[in-house]
Number of protein chains: 2
Amino acid sequence: MSSLGVRVGYNGRMSERPFHHGNLRTVLLDQAELALRTRGVEELSLRELAREVGVSHGAPRSHFIDRKALLDALAERGFRTLAAAMRAAAESHSEYADGLRAAGHAYLDFAVSNAALLDLMFTAKTDTPPDGLLAAAETLFSTISDVMESGVPAGFFREAEIGRLTLLMSATMQGISTFVSAGRVSLAVGDQLIDDAIALFLGRALE
Amino acid sequence: MSSLGVRVGYNGRMSERPFHHGNLRTVLLDQAELALRTRGVEELSLRELAREVGVSHGAPRSHFIDRKALLDALAERGFRTLAAAMRAAAESHSEYADGLRAAGHAYLDFAVSNAALLDLMFTAKTDTPPDGLLAAAETLFSTISDVMESGVPAGFFREAEIGRLTLLMSATMQGISTFVSAGRVSLAVGDQLIDDAIALFLGRALE
DNA sequence: ACCTGAACACCGTTCAAGT
DNA sequence: ACCTGAACACCGTTCAAGT
């Protein structure tokens, strides 16, 4: 273990540590995200994570009270990542409808790359989720609400219906993502469905 | 054990058995469905199921090769139950739009009563699901397709767009159900969203 | 404060053996 | 054909102990 770094006694904050001390929490989350992507939730084991990261099996306990807490932390990061991706997509187009479409496709892209994570984000593991998770979820929904809202001045939506349209839009993207992740439809059809849905929202016919 | 029933030797097909012999498979599935509803997937254990049903922990193996196979069988039943519920709902109204709405609400009702099961139905546990599961999923989608199709003669939809509309309609119901199950929105709002979505599909404005 | 390592009670899965 | 029960390798969680 001396080959991994210099170890000094208790309170030796400035010393080099095996490599992860000080951010084991983040390292565990990163590794967990990878495991989630490659092996799925069911196969995600705290002990295996600890092994992969090079700490004892009891170490994660210092950062996550139990397995569910780690999964919640993952879901929280997921909400923030998705919100940021949608905002960036929406802002990368000057034409409103293009931005809205881009945001929709960003949702599906995230879903395809993080199927198990999206599942985690929308599966109630507790009746009372931790505050951080709720706040992160709010971030996503307020982002989507903002995207819808900016269609009002241009005359695409009416202010009074923004709340319901935001939920409907979110639910539609979520449903399409679920179908693609589950293999019910291909990614190409999923993208098509996103466009169809948005066309419907914008009040145009399907073709 | 003789108090549970008369036991005779091998090949004694006509004899009374402890109570479940001959349909342990069904009994296990029923118990699993209950466990899924009350405790969730994560807490669903084969050994506990066996205990609750009164057989040894190895017994389920005779009917399900592994845990995943039992979950797949549950999902399969779920698809058929949901398909039947939607068909019944749609057929219980003479006015087309009413039937469509009823079918939508039937989907949400099923989702609320069977949140963990619906999750199971749309979570790819394998890249190649067993044939039975695929067939059951097809039953659901062809049912929804039928419901949409019967809106064509009445002029609600055009024949050419039925395929895409069926997928979009299904995805929308799935997304709304996910939101309600996850506690993101209340059941009341969920029902509202179903109505909003269908109004949108029928080409009317939201109010 | 953070991590280690033993201990405990649970799993899923396999498989020889019974009937 | 269907079920039993031992065996195995793995978990999550707890907790005293180290630094």
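Trainee: How far does a polar side-chain atom of A:His63 lie from a phosphate oxygen of DNA strand C?

Mentor: Bear in mind that this is a predicted model. A:His63 is among the residues that come nearest to DNA strand C. From a polar atom of the A:His63 side chain to a phosphate oxygen of the strand, the distance is 2.6 Å.

Trainee: Which residue of chain B has a backbone N or O atom 2.9 Å from a phosphate oxygen of DNA strand C?

Mentor: Two chain B residues deserve a look here. B:Arg61 places a polar side-chain atom 2.9 Å from a phosphate oxygen of DNA strand C, so its side chain makes a polar contact, within 3.5 Å. The backbone atom at 2.9 Å from a phosphate oxygen belongs to B:Arg67.

Trainee: What share of the atoms of DNA strand C within 4 Å of the protein is sugar and phosphate?

Mentor: The strand has 21 residues around it, with A:Ser56, A:His57, A:His63, B:Arg47 and B:Arg51 nearest. Among the strand atoms within 4 Å of the protein, the sugar and phosphate share is 51%.

Trainee: Which helix gives the most to the surface near DNA strand C?

Mentor: The residues of that surface split into 6 nonpolar, 9 polar and 6 charged. The top contributor, with 3 residues, spans residues 46–53 of chain B: helix α2.

Trainee: Are α7(B) and α8(B) roughly parallel or roughly antiparallel?

Mentor: Their axes come within 9 Å and cross at roughly 165°. Angles over 145 degrees count as roughly antiparallel. Therefore α7(B) and α8(B) are roughly antiparallel.

Trainee: How many charged residues does the contact of α7(B) with α8(B) have?

Mentor: The α7(B) side includes B:Leu165 and B:Ile176, and the α8(B) side includes B:Leu193 and B:Phe201. By class, the contact has 12 nonpolar and 2 polar residues; the charged count is none.

Methods:
Residues numbered from 1 in each chain as written. Chains lettered and ligands numbered in written order. Predicted model: local features only at pLDDT ≥ 70, side-chain atom pairs only at ≥ 80, totals over all residues. Heavy atoms only, no water. Near = heavy atom within 4 Å. Polar contact = N/O pair within 3.5 Å; in protein donor to acceptor, adjacent residues only side chain to side chain. Helix = DSSP H or I, 4+ residues; strand = E, 2+ residues; numbered from the N terminus. Nonpolar A, V, L, I, M, F, W, Y, C, P; charged D, E, K, R; others polar. Axes fitted to C-alpha atoms, helices over the stretch in contact; angles between N-to-C directions. Parallel < 35°, antiparallel > 145°, perpendicular 65-115°, else oblique. Contact = heavy atoms within 4.5 Å.
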